[in-house]
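User: Could you take a close look at one part of this model for me, and then show how it fits in with what lies around and beyond it? I'd be glad of one connected account.

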Amino acid sequence: MRARWTAKLDGSILAQPLHVAEQRIAGRRGPLLVVVSGGNSVYALWADNGDVLWRRSLGEPVFTVCGARAGISSTPTVDWRRRLVYVAGAGGEVHALDLVTGHEKAGWPLRVSARPAVEYVWSALRFVGSRLYVPVASHCDRPDDQGAHADGRVVAVDRFRGRIERVLDVVPGPANLGGVWAPGGISVDPLDGTLWAGTGNAYVVVDGSLRADAALAERVLRLTPALRVRGSASQTFHAAENPGDQGFGSTPLLFRPTGCDPVAAANSTNGAMYVWGRAPWRPAPIFTARIGPTEPHDPFLSQPTWFPQARALVVGQGIVDREGGRVRGVVGFRVDARCRFRFDWVVNIGPGPTVQPLAAGSTAFVPAPQLGKLAAVDVARGRLFDTGQVLASPIAVGGTLFVASADGTVRAYR
């Protein structure tokens, strides 16, 4: 690994950088990186050297009910045909920015939340056809000064007209949580166009008892493109250590091992990784692995990653009991010829929530939070590269690894 360049942004980076294929702009030609920051700014960098093409501020960071200031944590999405960047700012608005100049498109931004101190977009944006999907969650589980919580929902936006088309309220009624906050946002099934999402805990009190799994909360949902519910899968068990919050902190991963039926996998904050049959749909999981942490201060958040050539499902932030004690780090599962999931290996990179491992050939790049490094892991061993603390998923394009760090620095490695 050889460092190529570094670029410093105006705040921490929690969202995944986006690589945009080669563009010709003002006599210069090359690929771009679109990166957002905790300073509530959007940057377009030249991917070959890190130079700033443009920077767009979406206003000051917002002071939240959690006692902190929030910028942008949601990964944008790029429509390269129309040369637009869709991004959710901290102020409750979705912006459509010109990819070449950073200027706002006419008719935008569109407000999706009137309560930015309480409600927040953590998840990546995604568009399919004319619809842009915006998942809304909370900064934390705290209410505002009037005692009202965030209202978790998925908003479908007509991106050509810049207006809200449909809304799925995870828990019917206002101010009762149930947000979609996994970093990956919405998954789209290439088999039938259905949408998949994981939901968080609700805040519904019935006869004096908290119902954290009310309605569609703490479930994996299958939705039509118009946000109608086609099915859902709930938890099969609950961790006693964390009774009030056992939602899904990862976006459902859709994949198909060769010779097997298509499946979906997602991790829950109750410490379990679930795998469901996808076609045909089966709400009961076909495989469950209790490998994650279950404490409220240490939720199981890392999304699994599929390696098709190795037939391996890789998860960060796992906990596995081995001879000599517990090992915390990256866990690999193998899918055998009979389509059964089996534990295969664990590589110690330490505890702490980590983002989705990046599949690059037969190597998994996984941030190691406590080490402040990036682990390069194969099926038998791990190797560490010093990149600083990483809270956003890295990306790899054409032999270059792009890593965005919590100190606001973007680094490119060859």
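Analyst: Happy to! Contact here means heavy atoms within 4.5 Å. This is a predicted model, in which local features need pLDDT of at least 70 and side-chain atom pairs count only at pLDDT 80 or more, while totals for chains, interfaces and linings use all residues. Residues are numbered from 1 along each chain as its sequence is written, and side-chain values use heavy atoms, with hydrogens and water left out.

Let's settle on Thr305, which sits in strand β27 (strands, of at least two residues, E, and helices, of at least four, H or I, are DSSP runs numbered from the N terminus). Thr305 counts as buried, with 6% relative accessibility (buried is under 20% relative accessible area, exposed over 50%, partly exposed in between, using a 1.4 Å probe and protein chains only). Leaving aside residues up to four places away in sequence, Thr305 touches Leu253, Ala312, Leu313, Val314, Gln356, Pro357 and Ala359. With Pro357 there is also a polar contact: a polar atom of the Thr305 side chain lies 2.6 Å from the backbone oxygen of Pro357 (the cut-off is a pair of N or O atoms within 3.5 Å, one able to donate a hydrogen and the other to accept it; residues adjacent in sequence count only if both atoms are side-chain atoms).

Follow Leu313 outwards from there. With residues up to four places away in sequence again set aside, Leu313 touches Thr305 along with Pro304 and Trp306. Its other contacts are Leu253, Phe255, Ala265, Met273, Val275, Val331, Gly332, Phe333 and Phe341. Leu313 is also among the residues with the most contacts inside the largest nonpolar core, which has 21 residues; the others named are Phe255, Met273, Val275, Phe333 and Phe341. (Such a core is a set of buried Ala, Val, Leu, Ile, Met, Phe, Trp, Tyr and Cys residues joined through side-chain atoms within 4.5 Å.) Two or more residues of this core come from each of β23 (253-255), β24 (263-267), β25 (272-277), β26, β28 (312-322), β29 and β30 (341-348). Strand β29 gives the largest share, 4 residues. Another core, of 18 residues, lies apart from it and includes Ile25, Ile72, Leu97 and Leu99.

Strand β29 brings us to a salt bridge (a side-chain nitrogen of Lys or Arg within 4 Å of a carboxyl oxygen of Asp or Glu). Arg328 pairs with Asp298, their closest N and O atoms being 2.7 Å apart. Because Arg328 is in β29 (residues 325-335) and Asp298 in the loop between β26 (287-290) and β27 (305-307), this pair ties together parts that are 30 residues apart in sequence. Asp298 is buried at 11% relative accessible area, whereas Arg328 is partly exposed at 25%.

A second salt bridge joins the side chains of Asp336 and Arg340, with 2.9 Å from N to O. Here too the acid is buried, Asp336 having 19% relative accessibility, while Arg340 is partly exposed at 33%.

For a wider view, a search of the whole structure finds 21 salt bridges. One of the pairs is Asp192 with Arg230, whose closest N and O atoms are 4.0 Å apart. Asp192 belongs to the loop between β17 (187-188) and β18 (195-198) and Arg230 to strand β22 (residues 229-234), so the bridge connects parts 38 residues apart in sequence. Both partners are partly exposed, Asp192 with 40% relative accessible area and Arg230 with 48%. Elsewhere, Arg115, Glu119, Asp144 and Arg153 are linked in a network of salt bridges.

Two other residues are worth setting beside Thr305. Ser74, in the loop between β7 (69-70) and β8 (77-79), is buried at 0% relative accessibility. Its side chain reaches the backbone oxygen of Ser123 at 2.6 Å. Not counting residues up to four places away in sequence, Ser74 touches Ala15, Val36, Ala88, Val121, Trp122, Ser123, Ala124 and Leu125.

Ala3, by contrast, is exposed, with 63% relative accessibility, and lies in strand β1 (residues 3-8). Beyond residues up to four places away in sequence, Ala3 touches Ala412 and Tyr413. As for Phe341 of the core, Ala3 is 338 residues from it in sequence and 37 Å away in space, C-alpha to C-alpha.
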